[in-house]
Amino acid sequence: MTPELIADYECVCGEGPLWHPGEGRLYWTDIDTGRLFRYEPATGRHEQCYQGEMVGGFTIQADGALLLFRARGAVKRWQEGELTTVIPEIPEERDSRFNDVIADPAGRVFCGTMPKGKRLGCLHRLDTNGSLTRLLTGIGCSNGMGFTPDRKGMYYTDSPKREIYLFDYDETTGALSNQRVFLRTPEDDGVPDGMTVDAEGCIWTAKWGGSCVVRYTPEGVEERRIHFPAQRVSSLTFGGED
């Protein structure tokens, strides 16, 4: 498999690609410059569609709008240039920002934050009623997440620890339990960053500093490795009608 260059906006930290099924387009963010981009495979067109505060991650609403997770713990709803505030800020995250988020099968959003100084990052859960719950603290850098096909497990990445965890996940309540290490990346093999799960239950993780993405079986065995002409591969997703 050979990567094909689609668009080059000289991103400082290109992140969080996400397929928008309603539009047939791929969105992604450049965190440091506060930009959002989108690409339409059917036409080959791509463009910058947003400029503002840093967007560490985003999800897609049922009506097609994007939910932007930004600096200071702020959450905004964005639809073709119109911004609406969902959460103005999280007081304890005023010096931080969100980093990597994922909508769960029930519509909640699990959203991680960056460390700042001696204060480590956290993992929060934003429920569909707007309430926010802090689930984990002491995180080196909250990163890639994904759900097992049977919706009974959730993967979660702490990049500086080079570990991907597997939790028991309750779809009814959004609760996480029984944390265990699913995979530990060797120090000479890049840092696990963004990730996704495929239809066969295998996980794909991007290797920051490793110039590749790697597919692991549900047992944690490396199944394939795809190299990229970039040192810092940050994230990945699947897109298209199938």
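This is a short walk through two sheets, three salt bridges and two loop residues of the structure above, which is a predicted model.

I will start with the sheets. One of them is an open sheet of four strands, in the order E5-E6-E7-E8, and the pairing is antiparallel. Its edges are strand E5, residues 55-60, and strand E8, residues 82-87, and each of these pairs on one side only. On average, neighbouring strands in this sheet are turned by 30° against each other, direction ignored. If you want one pairing to look at, take strand E7, residues 75-79, which runs antiparallel to E8 over five bridges. Within that pairing, Trp78 stands opposite Leu83 in E8.

Further along the chain there is another open sheet of four strands, ordered E9-E10-E11-E12, also with antiparallel pairing. Here the edge strands are E9, residues 98-103, and E12, residues 132-139, and each has a pairing on one side only. The average turn between neighbouring strands of this sheet is 15°, again with direction ignored. Strand E11, residues 121-126, pairs with E12 in the antiparallel sense, over five bridges. Leu126 has Leu132 in E12 as its bridge partner.

Next, the salt bridges. How many does a search of the whole structure find? The count is 23 salt bridges. I will go through three of them.

Take Glu53 and Arg72. They form a salt bridge, with the closest N and O atoms 3.2 Å apart. Glu53 is in the loop between strand E4, residues 45-51, and E5, while Arg72 is in the loop between strand E6, residues 66-70, and E7, so the pair ties together parts that are 19 residues apart in sequence. Are these two buried or exposed? Neither word fits. Glu53 has 30% relative accessibility and counts as partly exposed. Arg72 is partly exposed as well, with a relative accessible area of 31%.

The next pair is Asp189 and Lys207, whose side chains meet in a salt bridge at 2.8 Å, N to O. Asp189 sits in the loop between strand E16, residues 176-184, and strand E17, residues 191-197, and Lys207 sits in strand E18, residues 203-208, so this pair ties together parts that are 18 residues apart in sequence. Asp189 and Lys207 are both buried, because each has under 20% relative accessible area.

The last pair is Arg224 and Glu223, with a closest N to O distance of 2.7 Å in their salt bridge. Arg224 is partly exposed at 31% relative accessibility, and Glu223 is partly exposed with a relative accessible area of 36%. This pair is part of a network: salt bridges that share partners join Asp198, Glu200, Arg215, Glu223 and Arg224.

Finally, the backbone. Most residues other than glycine have a negative phi. What is the phi of Arg72, which is not a glycine? Arg72 has a positive phi of about 65°. This is the residue from the salt bridge with Glu53, in the loop between E6 and E7.

Arg151 also has a positive phi, of about 60°, and is not a glycine. Where does Arg151 lie? Look in the loop between strand E13, residues 142-147, and strand E14, residues 153-158. Arg151 is partly exposed, with a relative accessible area of 41%.

That is where I will stop.

Key:
Residues are numbered from 1 along each chain as its sequence is written. This is a predicted model: local features need pLDDT of at least 70, side-chain atom pairs count only at pLDDT 80 or more; totals for chains, interfaces and linings use all residues. Side-chain values use heavy atoms; hydrogens and water are left out. Two strands pair if DSSP finds at least two bridges between them. Helices (H or I, at least four residues) and strands (E, at least two) are DSSP runs, numbered from the N terminus. Axes are lines fitted to C-alpha atoms, for helices over the stretch in contact, and angles run from 0 to 180 degrees between N-to-C directions. A salt bridge is a side-chain nitrogen of Lys or Arg within 4 Å of a carboxyl oxygen of Asp or Glu. Buried means under 20% relative accessible area, exposed over 50%, partly exposed in between (1.4 Å probe, protein chains only).
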